[in-house]
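Okay, thanks for coming, everyone. Let me put the model up and then walk you through a few parts of it.

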Amino acid sequence: MEELIEQLKVQIIEQLNLEDIEPDDIDPEDPLFGNGLGLDSIDALELIVLLEKEYGIKIENPKDGQKIFFSLKSMAEFITENQKN
Amino acid sequence: MSSKIVVTGLGIITAIGNNIEESYHSLVNQKSGIGPISILQTIHKDNFVLGEVKKSQDELIEMAEVDPQEPWTRTALFGIIAAKQAFNDAGLDKSKGKIGLVSATTVGGMDRSELHYTSFVHDAVFNAFIDTHHAGDSTEKIADQLKIKDYLTTISTACSSSLNSIMFGARLIKNGIVDKVIAGGTDGLSKFTLNGFNTLMILDKDQCRPFDASRRGLNLGEGAAYIVLEREENAKAEGKKIYATLSGYANANDAFHQTASSEEGDGPFLAMKNALDKGKLSPEDIDYINVHGTGTDNNDLTEGRAMIRLFGDKLPAFSSTKAYTGHTLGAAGSVESIISILSLQNNTMFPNINFKEVINEIGIKPISKVEKKELQHVLTNSFGFGGNDSSLLFSKYVGS
Amino acid sequence: MKAYINGLGAVAPQETLDKDHFLDQVESYNENRLQIIQPNYREYINPKVLRRMSKIVRLGVVSAKIAMEDAGLDQPDAIITGTGMGCQVDTEKFLNAMLENNETLLTPTAFIQSTHNTMGAQIALMLGNNNYNFTYVHRTFSFESALLDSMMMLAENEASNVLLGGIDEITEESWLIKTRIGYFKFDSINSLNLLGDKQTGALAGESSAFFVLSNKKTDNTYAEITGTSTFYKPESIEETQERISNFLSVNKLSPDSLDLVILGYNGDPEYDQLYQNLEETIFNLCSVAYYKHLCGEHDTASAFALWIAAKALKSNTIPEIIVKEKKKQNSPKNILIYNQFRNINHSLILLRQV
């Protein structure tokens, strides 16, 4: 799980072009949206594509993103669960 | 000199008809033009529905009566077909004053560029389409066909583009730059646009359901629509039929987000309110609103809230006609302006098809069957990316 | 109709940000594609917002900010932009990704930002500005349409201050494509040797120039714009001459009474001939300047010419590098900017000193 989280950090920074952020700046439990990292609805759509491209997981309803992308931890958990299947 | 700007010509081509008569017929018979994809070549062919104009390139070239040897984009062909109708309908005569053309488009010649782009970059087979890509190309093609030289320009403000071209057209007349204006917009469907909206996950796989609780997104459409504007005394002196008065207009910016509307619809509210102020009318005067109503979660909710803010419990009858034509983007404003004018002229409001259940948060209900009523003032809305929000106010023409 | 230029800001392939210099140290290029000297964006834009902006959006926002700061304006009553080709980087990015991945695995950001009104929208967003916001996208009419709209807004009393901008970028891909159809030169030349080059095509370039236009003069006023006009596909050089003379006479001037004309020479011999003809006929008594050796050809190049003209009128100096023919010795009181694209889109902007 930890390895996956570290990998996600790098991928997210690259995909969202978070120029000023280092992987260590992101706490896996912190919210990614709103007050946390400050991501918004367009970033959520970018993350949906990231999941499909890197992990082969397809999300059909953008509203599901809110829960999945709550934090790095929730995202990693979702990936682990869905890749098992 | 009267400052009244009136509408004296109409022209349209969309999925629900190749001209005004066919479009009106589809609207009163609640016939949608949205269906399976058969023209656009895309891998999403079986995933989405579109409001396509079911005409091939060759058929459009024939309808537009243009030289088949020249490079034509779908955007330009639609534009020529609709603008010619409006030009002829208004009996425009180049010897009677200066004529301007203000056209709008979102993606210009993309429908051809995307087919030949690899060739643009790597070989030289489709060079003729390199210079049809820019947004002004369709405008110039229309101008050349109609021999308009006095003034031309092109506006692109996403989905509000062609309300803005009508607004600017009216102001060109008021400021004495030209005497008459053909204003509207055109957009051909492209894979670029379909895929773009798909990345936003706001495309409904079935026919869209504007203002319905179960709405899932929009359907894209294509086409063009143009109206002719001139001063009232001009139109009267030339003995023209007058369809309506353009009595108010406004553009405002939501300044909230690149794609989403603010919670309370600040931009939409300001656009509607300022259009009423411009026309010196109060909310009670409005009989009907042809809303933007794309069928996306965000638009319908925030547009509804903005309407409630402005009209309170005296909300006029309203409907979205997007479920007929699809969202025609750069043409949407002028398409719906024409539908609004047809409503005024025929005292007929066209139903918001596919509506079943009100959206809980706003609790407002669009009209769901053809309704006849004496209409005086009709508002139409178009809102776009970049928070670009516009409203036009058309009124029944009363001679003075 | 008239408008005072009360503030301006530009970025271009030349140094433009240092207020103490006015084109006195010139950059020359050998690449046939003149690119904007990019400013340090972080000085102007919050990094959180910056991350999503492509080059053209950043440049638009920066030059808009400089213009507003120069005019001491917090909120314009209208934001009006012109761009011929819009956000080319984002358009190409989305288009190429779509073609390469056969319509799969596409992300929204480039699509969203490919919209032509992105610059105007981002400026509004940054300022929290709910006012009128228009974008004109008609090749070399783009900026002049935006200018006309701005002047109309002032004349209608719909606005006291308008933020007006003209902006276009040149990407490597669009440069290659347009070189292929002869719009740009193939063999490289030095940009400062633009005049007299025999090769077909222009030098490519880009710029972003923003202006605060107002109906009131201030201490910072650069110049007054007294008129603008466009005309389309003239049938002959005589029609062009007539259109220009008519425009000037509406503004109570004749070609002879102009101090300086700034012409759009872009190095393409076929179309530069038109300027040459006018220099020898209606403009034979005026001083002549040119500028596309400094910024290259692009749809909104005349916005950069306006930036030059406004600064020249305020500072009473004509930079040596733009002078082509010096026929009048006095410092200019009035300037005409005339530009044309391949004899299709012709445009005029007239300014005078205040």
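Quick bit of vocabulary before the helix: when I say two residues are in contact, I mean that their C-beta atoms, placed from the backbone, lie within 7 Å. And keep in mind that this is a predicted model.

So, chain B, helix α1, residues 20-28. Its buried residues are Ile20(B), Ser23(B), Tyr24(B), Ser26(B) and Leu27(B). They span an arc of only 160° around the axis, so they sit on the same side of α1(B). What covers them? Among the elements doing that are β1 (5-14), α11 (322-325) and α12 (332-346) of chain B. Right after α1(B) comes Gln30(B), and its phi is positive, near 55°.

Staying with chain B, let's look at where it meets chain C. Here 48 residues of chain B are in contact with 46 of chain C. Several elements of chain B each give at least two residues to that side, including α4 (110-122), α6 (161-174) and β8 (244-253). By class, chain B's side has 18 nonpolar, 24 polar and 6 charged residues.

Now over to chain C itself. The chain splits into domain 1, 3-214, and domain 2, 226-352, and their C-alpha centres are 21 Å apart. Between them, 45 residues of domain 1 are in contact with 35 of domain 2. On the domain 1 side, β1 (3-11), α6 (142-155), β4 (161-168) and β5 (207-214) of chain C are the elements giving two or more residues. α6(C) gives the most, with 6 residues. And that side divides into 24 nonpolar, 12 polar and 9 charged residues.

Terms used. Residues are numbered from 1 along each chain as its sequence is written. Chains are lettered from A and ligands numbered from 1 in the order in which they are written. This is a predicted model: local features need pLDDT of at least 70, side-chain atom pairs count only at pLDDT 80 or more; totals for chains, interfaces and linings use all residues. Domain bounds come from an automatic or database domain assignment. Helices (H or I, at least four residues) and strands (E, at least two) are DSSP runs, numbered from the N terminus. Ala, Val, Leu, Ile, Met, Phe, Trp, Tyr, Cys and Pro count as nonpolar, Asp, Glu, Lys and Arg as charged, and the others, Gly among them, as polar. A residue is buried if 20 or more other C-beta atoms lie within 10 Å of its own, exposed if 12 or fewer, and partly exposed in between; C-beta atoms are placed from the backbone. The arc is that of the directions from the helix axis to the C-beta atoms.
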